[in-house]
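Open the model in your viewer and keep the selection panel at hand. We will walk through it stop by stop, with something to pick at each one.

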Amino acid sequence: MLSINNLHVSIENKEILKGLSLQVNAGEVHAIMGPNGTGKSTLGNVLAGKEGYEITDGSVLFDGIDLMELEAHERAQKGVFLAFQYPVEIPGVSNANFLKAAVNEQRKANGEEPMPPNEFLKMMREKMELVEMKKDFISRSVNQGFSGGEKKRNEIFQMAMLQPKLAILDETDSGLDIDALRIVANGVNKLRSKDNAFIVITHYQRLLDYIVPDFVHVMYNGKIVKSGDKNLALELEEKGYEEFEHATL
Amino acid sequence: MTQQLENILPILQDEHQKQALQNAMNIGVPSMKNEEWKYTYFQKIWQQDFNPILSSATFDFNDIKTFIDNNATSSNRLVFVNGQFQHELSNLQNHPAINFWNAKNTASTNSNDFLLELNNALSTDGIFLEIGNNVVVDDLIEIFYLHSIAAPFINIKNKIKIGKNAVVKFAEQFINYDEQTAYYNTVTTLEVAESANIEWNKIQDGGNNFYITDNMHIEQATKSICAVNTFSFSGGITRNVLTYDVNGERSESHMNGLSLLLNNEHVDNRTLVNHNVANCESYELYKNILGGTSTGVFNGKIIVAQAAQKTNAFQSNRTILVSNDATINTKPQLEIFADDVKCSHGATSSQIEDSELFYLQARGIGKETARGLLVFAFGEEVVEKINHQPLKEKVEKRVAEILKIEL
């Protein structure tokens, strides 16, 4: 599904990703771990199409298409979803209007008619239950005045509404208490299927107790330095990242 | 048009009107050298050939009736065509608690304002109504200003008295029936008695050959609430002068404005709040969305008299510039003579936040739609001030249409 090959990315002439390669197939969950400042969030942003990054080398193919050639909204329409580390507050745009626009733009891009309003509402209610959102959520402005936990739950809720093929969760666990973490993880697990894939970016092993990954990758200094199964995460929790520090220096 | 005024002077019958016209000519046409007119080029209106309307003109009744039916959001309406009040098209005259008084106002005022004097001299008609004590008018009272003749210069003077405890909402519709160029110089005075609650909406959307100079003066008595919401969506030059005299304690004054201009329009909003007594609150929120080569002007003055202790006055003017060639000139002015007051003012001008744009794009919403949604949301804060659902929806629809987004 996703094939990243020797990706080099700079921001303001500073190289952040230094030859990153990663293969993700449908049905898989990949965890990417690593200390602060190693380029984990950059990877998420680059895949989602945020502006300001310069791709200096390498390639990213998504279902065989050159993802880097597409604008952010085109990537989303093709099924790439980024759950933001810091979800943005959009005053004045209600969650309902925001998602209606998102769902219908995606449908339009796929040559489908807009979703009938009653069907849309039904779907919203269903997915809200999944992440235990309160009813007034529909009419509230996107993320405005939301607690940290509510913002993250909203990301998962949006993911549930848009049903992406590839979801990248950028530190979705940061700032969550144990109940919120359980709700978020539960939402993700219910959405897992043989047709979609997840990249879970995290600092801590904690989230991976709930969302069990098929692969764990260690990212260090702009590339993936080690890959393994879920046991690698436990190992990292115990030993930290010290060995990689020595390895790259 | 100065020549036209000189021609009219000898034929004016009424002495007050004659005097007012003479006053106007003595004061002279506003110039940009005048601080009050620094950013608005009045000559752009004055140099055109508008025809002062002094008598009634014929029009296609059915056509105009259909137009109003299609544009109305309420059953209560007051209609002017070519500067004349139209009884047949209006329907409030029989309301038991609404009193229409004389049809002509020839009272003289001696202002030093060119446009006020011009209005005194040339106003053909106006709404002169009195709403009784304790009257609650459920539906909106909609006022339509229409014209059927080419390039008219129309002066209308409204005088409205609101009784104690009355609750009334108005909407003034400056819209264009046939896309003709026109210049309206309107003057409205509104007296709001004790504990009355008034909302006044102005919808200014007559196309870019439409020119408006509007002057509204409000006097508020004790515990009254009065809100004026001004929406400007098109117009060659639109200038709104809004003055509040807050004369009764524990009253609330609200002023809100949204100028959404994407071509070459010019809108000048000027507010003055005179806090003359203690314990009152005023809230002011003017927003501009400016694109193309449009220009916005905002001048917000608040004067807190020495007696007006415990005044709370808030003013905010926020602008989003959506093009490189749009301009905003904004000037808050606070003059505070009392020592125990809370006053604040702020003016911002910005562009759309990249982070917000990316968030919407990351959900599959195209850049243009995303911009539209964000700009719509910025304006929605003002649109939400309309407390009449059909009018609010109509304004929302119009905003969406201008921004090319689907609701």
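Which residue forms a salt bridge with Asp205(B)? Select Asp205(B) and look for Arg398(B): the two form a salt bridge, with their closest N and O atoms 2.5 Å apart. Keep in mind along the way that this is a predicted model.

**Stop 1: the two domains of chain B**

Now colour chain B by its domain assignment, which gives domain 1 as residues 2-248 and domain 2 as residues 354-407. The centres of these two domains, taken over C-alpha atoms, are separated by 30 Å. To display their contact, pick 15 residues from domain 1 of chain B and 13 residues from domain 2 of chain B.

The pair you began with belongs to this boundary, where the count is one salt bridge. Switch on polar contacts here as well, and the rule gives four residue pairs between domain 1 and domain 2 of chain B, both partners at pLDDT 80 or more. On the domain 1 side, select the strands β8 (167-175), β10 (197-205) and β12 (225-232) of chain B, each of which supplies at least two residues of the side that touches domain 2. The largest share of that side comes from β10(B), with four residues. If you colour the domain 1 side by class, you will get five nonpolar, six polar and four charged residues.

How much area is buried between the two domains of chain B? The value is about 1,100 Å², and carbon and sulfur atoms give 64% of it. Highlight Thr73(B), Phe231(B) and Phe233(B) next: they supply 43% of the area that domain 1 buries against domain 2, more than any other three residues.

**Stop 2: across to chain A**

Show both chains together and select the residues in contact: 32 from chain A and 17 from chain B. Chain A and chain B bury about 1,900 Å² between them, with 66% of that on carbon and sulfur atoms. In chain A, put His73(A), Phe84(A) and Phe98(A) in sticks, as these lose the most area to chain B and together make up 23% of what that side buries.

Which residue of chain A does Lys367(B) pair with in a salt bridge? Centre on Glu51(A), whose closest approach to Lys367(B) between N and O atoms is 2.8 Å. This is one of two salt bridges that the rule finds across the interface of chain A and chain B. Polar contacts add to the view, with eleven residue pairs across this interface, both at pLDDT 80 or more.

To see which elements take part, select α1 (40-48), α2 (72-77), β6 (80-83), β7 (90-94), α3 (95-109) and α5 (148-162) of chain A, each supplying at least two residues of the side that touches chain B. The helix α3(A) gives the most, with five residues. By class, this side of chain A divides into 18 nonpolar, seven polar and seven charged residues.

**Stop 3: zoom out**

Finish with a cartoon of each whole chain. Chain B has eight helices and 20 strands, and its C-alpha trace spans about 65 × 50 × 45 Å along its principal axes. Its radius of gyration is 21 Å, which agrees with the value near 22 Å for a compact globule of 407 residues.

Chain A has eight helices and twelve strands, in a C-alpha trace that spans about 55 × 40 × 35 Å along its principal axes. For its 249 residues a compact globule would have a radius of gyration near 18 Å, and chain A agrees with 18 Å.

Methods:
Residues numbered from 1 in each chain as written. Chains lettered and ligands numbered in written order. Predicted model: local features only at pLDDT ≥ 70, side-chain atom pairs only at ≥ 80, totals over all residues. Heavy atoms only, no water. Contact = heavy atoms within 4.5 Å. Buried area = accessible area lost by both parts, 1.4 Å probe. Salt bridge = Lys/Arg side-chain N within 4 Å of Asp/Glu carboxyl O. Polar contact = N/O pair within 3.5 Å; in protein donor to acceptor, adjacent residues only side chain to side chain. Nonpolar A, V, L, I, M, F, W, Y, C, P; charged D, E, K, R; others polar. Domains from an automatic or database assignment. Rg over C-alpha atoms; globule rule 2.2 N^0.38 Å.
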